[in-house]
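The following exercises concern the fold, the packing and the internal spaces of one protein model. Each task is followed by a solution in steps.

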Amino acid sequence: MNGSRQQSSLFRIILVGLIGNVMEWYDFAVYGYFATVIGRLFFPTSDPTVSLVASFGAFAAGFLVRPLGGIIFGRIGDLVGRQRAMLLSVVAMAVPTVLMGFLPTYDSVGILAPVLIVALRIVQGVSVGGEFTSSLIFLVEQAPAHRRAFSAVWGAWGASAGILLGSGVGLLVTISLDEPQLVSWGWRVPFVLGGVVAVVGMWVRSHIHAEPPAAKSKSPVRDVLTQYRGPVLRVALLNLGYGVAFYTMFIYAVSYMKNVDHLPEGAALRLNTLAMVALLFVMPLSALLADRHGRRIMLGGGFLALAASSVPLFHLLHSGDEMLILVAEILFAVIIGVVAGSIPVTNVELVPSAVRCTGLALAYNAAVGIFGGVTPMLVTWLIEVTENPIAPAYWLLAACLVSAVTVIFLVHETRHQPLHDE
């Protein structure tokens, strides 16, 4: 009976962490999947590549403010509570997402159109800066000690599921409408639908009551910057490779297949959706292995495998053959899934509990926001400048090597480490 109650409690904890991330990352990802259309409507130029770079620039703007969101929501989480931070972050994402579905385009209001879309992206970025890390901390702190990795992975799983949902909705809209309909109004539909997911997330999170012990730090931002710079730096370097890998393969790859490989939009979204399914399958399995064998072996092996395979798999991705492209996407998904199963719990365990929300939010968002968020824009520019369609692979390789070296030399095993400061 006691075991049944523990399983029920763990299920509720996982649901709370998962649901918000589904909504947050669905909303954030939809923009990436419709970047080409948005570029034409909000950043029109005579050169389609310039429009796409500008569109991804607005996408990157949302990432660049994520450290600010991390500080705001992290401070709320450390001083007021994890529940309050998670609930506020859902609201802060829902409003700009729905508004984005009703924005006037450049043809209607001129320069005001790109200003508005960038402003809404910034609000979204602030929200995501607090959501993901707050939910990871909640999941780990409420989990049984021997199931920390398995509990934490569902926050990342929810984020990936949200991106998959965005991909699936994007695919459905794309195959249901012709090009003029898609450009005229179809691209707006996924943003408006995000409001439905938001209502579910807010309802679930408003009914949670479990809170971790009160933080010991009275000034978490100051203490992170003065006393805990070492853990913050390690977490940032650890997430550099993960952020670049994830956003290269599951956000940018759709535009790569359309604009570089010249695949139809429907085919690109279909291949990406299948790869996301593979990722979601691998992540919980990797987390179970991390709980059994430790975090470092999974992270080190995953990052080294990504670095070694990035160039050959990008050659497959650029083959033009849909089957070979699918093979490349699936292999990338499996390797990224190995990392994704271990990195959420490691992030939480590396940061002292007194400043955990603020420290993790700042470290994670600095790495993923600066490096992952600019990846679509950067690699689009790299291909244009170098005229080398494999250029993104070298950016991915370099980032994963940094994280692999971090795991090997700077990260200790945290599987049996106490969660709370003595």
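Helices and strands are here taken as DSSP runs, with at least four residues of H or I for a helix and at least two of E for a strand, numbered from the N terminus. The model is a predicted one.

**Exercise 1. Determine how many helices and strands the protein contains, and assess its overall dimensions against the globule rule.**

Step 1. Under the definition above, the protein has 18 helices and zero strands.

Step 2. The C-alpha atoms occupy a box of roughly 60 × 45 × 45 Å along the principal axes.

Step 3. For 422 residues, the rule for a compact globule predicts a radius of gyration near 22 Å; the protein has 20 Å, so the two agree.

**Exercise 2. Characterise the packing of the chain through burial, contacts and exposed surface.**

Step 1. A residue counts as buried when its relative accessible area is under 20%. Of the 422 residues, 61% are buried.

Step 2. Consider contacts with a separation of 6 or more: residues 24 or more positions apart account for 86% of them.

Step 3. The exposed area of the protein is about 15700 Å², and 70% of this is supplied by carbon and sulfur atoms.

**Exercise 3. Describe the largest pocket: what is its volume, which elements line it, and how does its lining divide by residue class?**

Step 1. The largest pocket holds about 420 Å³ of space.

Step 2. Its lining consists of 23 residues, and those nearest the centre are Thr36, Pro48, Thr49, Leu52 and Asn259.

Step 3. Two or more lining residues come from each of α2 (35-42), α3 (48-64), α12 (229-259) and α17 (375-386). Helix α12 provides the largest share, with five residues.

Step 4. By class, the lining of this pocket comprises nine nonpolar, eight polar and six charged residues.

**Exercise 4. Establish how many cavities of 30 Å³ or more are present, and describe the lining of the largest cavity.**

Step 1. A cavity is a space where a 1.4 Å probe fits but cannot get out. The count of cavities of 30 Å³ or more is one.

Step 2. The largest cavity contains about 90 Å³ of space. The elements giving two or more residues to its lining are α8 (148-176), α12 and α16 (356-372).

Step 3. The residues that line the largest cavity include Trp25, Phe132, Ala156, Ile163, Tyr242, Phe246, Tyr364 and Val368.

Step 4. Its lining has ten nonpolar and two polar residues, with no charged ones. The lining of the largest pocket, by contrast, includes six charged residues.

Terms used. Residues numbered from 1 in each chain as written. Predicted model: local features only at pLDDT ≥ 70, side-chain atom pairs only at ≥ 80, totals over all residues. Heavy atoms only, no water. 1 Å grid on protein atoms, 1.4 Å probe; cavity = no way out; pocket = protein on both sides within 12 Å on 5 of 7 lines; lining within 4 Å. Points joined across faces, edges and corners; volume = space filled by probe spheres on them. Nonpolar A, V, L, I, M, F, W, Y, C, P; charged D, E, K, R; others polar. Rg over C-alpha atoms; globule rule 2.2 N^0.38 Å. Buried < 20%, exposed > 50% of the residue type's maximum accessible area, 1.4 Å probe, protein only. Contact = heavy atoms within 4.5 Å. Areas by Shrake-Rupley, 256 points an atom, 1.4 Å probe, with all protein chains shown as cover.
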